Amino acid sequence: MKMQLTLTAAALLLGTAMSPALAQEKIKLGVIVTLSGPAAALGQQVRDGFALAVKDLGSKMGGRDVEVVVVDDELKPDAAVTKVKGLLEREKVDFVVGPIFSNILQAIHRPVTESKVFLISPNAGPSTFAGKDCNPFFYVTSYQNDQVHEILGKVAQDRGYKRMYLMVPNYQAGKDSVAGFKLDYKGEIVEESYMPLNTLDFQPELSKISSQKPDALFTFMPGGLGVNLVKQYRQAGLADSIPVLSAFTVDESTLPAQQDAAVGMFGGANWAPNLDNPQNKKFVAAYEAAYNVVPGTYAFQAYDAAMLIDSAIRGVKGDLSKKDAVGAALKKADFTSLRGAFKFNTNGYPIQDFYLTKVAKRPDGKFQTEIVQKVFENYGDRYAKDCKATN
């Protein structure tokens, strides 16, 4: 399935030197995200956040018209490889943006980077490409996967939780989440459960949680997984007695389905809709006006990805022929992030602040995550020291 969105605008006078032929050529951007199945809401947020940024840029980047081609990776690695090769070989895109899930990123990373096309991830940030296997054609506008989970491990440790139950999906990001949680948490882990990515019924696990009575549950269950888990957790009567510390389980992509069942549950994030800065307030208002839903991290990170690409194209005056120069312009990150303070580490992953969030119901009846406290400040991931990639 492919949707092609051609975004054009009236010609603008450029303040930079550019050949007439170059000025007439469109920048072509490929967006590959999950747009079908239970996780479709996540991909929709990326697609819509990116589209909003392109609109805010006047449908131009570096003075050149922009064409965005969006494809559905179907949450299948083989399908994702086929789709991304279509973007590279048939569409001849200048940048690839995506995906959501780390197993899909692992599948498409080589085809994209070996083609010397820049891959910008607005979400997936596995440890795989953060250290010695980092790549000068790969940049991340989200985080290194471990980091968000480190927030919850530190909070659990600081709050004195002695016994924790861990439940995550059985794929790379799930394994990264457990590794991240364990960095700061030193208490007892009573259970470490790895669930299939297609799990819909959590009752057997909930029964174990009820009988083992941990001090809290740590979980990472994105998309439809999180919707089902949270509803079943609340229905089982566990929400009031065993706190939930989660990542990507209760967020703006899942809250419209979870609603009251998620209120009071904690999360870890690099941003929240109520983050108090002018650019974020403007973004949240514009996103809600355009799509009638509250934006989540997926949307804001995709918005930043578009602004990052625009900054690089401006930095090279619209000339994408010199890859080293484009890479250097990307690494400079000369744009105003919605999260505020932001810069790239040596591995192309961000250095940024991280927060504990909590689900709240707004006066207008909508649900959102809100910042409770800052947990890490100007925090870079622990793998960057092993990265030798250069532009």
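Modeller: A contact means heavy atoms within 4.5 Å. On that basis, among contacts in the chain between residues at least 6 apart in sequence, 73% join residues at least 24 apart.

Colleague: How do you know what this model can support?

Modeller: The model is predicted, so local features need pLDDT of at least 70, side-chain atom pairs count only at pLDDT 80 or more, and totals for chains, interfaces and linings use all residues. Residues are numbered from 1 along each chain as its sequence is written, and side-chain values use heavy atoms, with hydrogens and water left out.

Colleague: How many helices and strands does the chain have?

Modeller: It has 12 helices and 15 strands. Both are DSSP runs numbered from the N terminus: helices are H or I with at least four residues, strands are E with at least two.

Colleague: What makes the chain as compact as a globular protein of that length?

Modeller: Its radius of gyration is 20 Å, and the globule rule gives 21 Å for 391 residues. The radius is taken over C-alpha atoms, and the rule is 2.2 Å times the number of residues to the power 0.38. The two values are close, so the chain is as compact as a globular protein of its length. Along its principal axes, the C-alpha trace spans about 70 × 45 × 35 Å.

Colleague: What share of the residues count as buried?

Modeller: Of the 391 residues, 60% do. Buried means under 20% relative accessible area, exposed means over 50%, and partly exposed is in between (1.4 Å probe, protein chains only).

Colleague: Where do the charges sit on average?

Modeller: The mean positions of the 44 positive and 42 negative charges are 2 Å apart. Lys and Arg count as positive, Asp and Glu as negative; His and the chain ends are not counted. Each charge is placed at NZ of Lys, CZ of Arg, CG of Asp or CD of Glu.

Colleague: Why is Pro122 called buried?

Modeller: Its relative accessibility is 0%, so Pro122 counts as buried. Pro122 sits in the loop between strand 6 (118–121) and strand 7 (138–140). Leaving aside residues up to four places away in sequence, Pro122 touches Val46, Val97, Gly98, Pro99, Thr141, Ser142, Gln301, Ala302 and Ala305.

Colleague: Pro99 is on that list. What makes the peptide bond from Gly98 to Pro99 cis?

Modeller: Omega is near -5 degrees. Pro99 itself is in the loop between strand 5 (95–97) and helix 4 (102–114).

Colleague: Why is helix 5 described as mostly covered?

Modeller: Helix 5 covers residues 145–158, and 11 of its 14 residues are buried. Among them are Asn145, Asp146, His149, Leu152 and Ala156. Gly160 follows helix 5, with a positive phi near 75 degrees.

Colleague: Take Gln147, in helix 5. How do you know that Gln147 is buried?

Modeller: The value is 0% relative accessibility, so Gln147 counts as buried. Beyond residues up to four places away in sequence, Gln147 touches Phe354, Tyr379, Gly380 and Asp381.

Colleague: What makes Leu255 buried?

Modeller: Its relative accessible area is 0%, so the label holds. Leu255 lies in helix 9 (residues 255–258). Its contacts, not counting residues up to four places away in sequence, are Val250, Ala262, Val359, Phe367, Gln368 and Thr369. The C-alpha atoms of Leu255 and Tyr287 are 16 Å apart, with their positions 32 residues apart along the chain.

Colleague: Now strand 4, residues 64–72, where Val71 lies. Why is Val71 called buried?

Modeller: At a relative accessible area of 4%, Val71 is buried. From C-alpha to C-alpha, Val71 and Ser102 are 17 Å apart.

Colleague: Glu74 is in the loop between strand 4 and helix 3 (77–90). Why is Glu74 called partly exposed?

Modeller: Its relative accessible area is 29%, so Glu74 is partly exposed. Phi of Glu74 is positive, near 65 degrees, in a residue other than glycine.

Colleague: What makes Leu75 partly exposed?

Modeller: The value is 28%, so Leu75 gets that label. Leu75 is in the loop between strand 4 and helix 3. Leu75 is not a glycine, yet has a positive phi of about 55 degrees.

Colleague: Where does UniProt place the feature "domain: Leucine-binding protein"?

Modeller: The unreviewed UniProt entry puts it at residues 26–360. UniProt positions are given in the numbering used here, feature names are shortened, and annotations may be inferred rather than shown by experiment. In the model, the end C-alpha atoms of residues 26–360 lie 43 Å apart, and the span is 42% helix and 20% strand.
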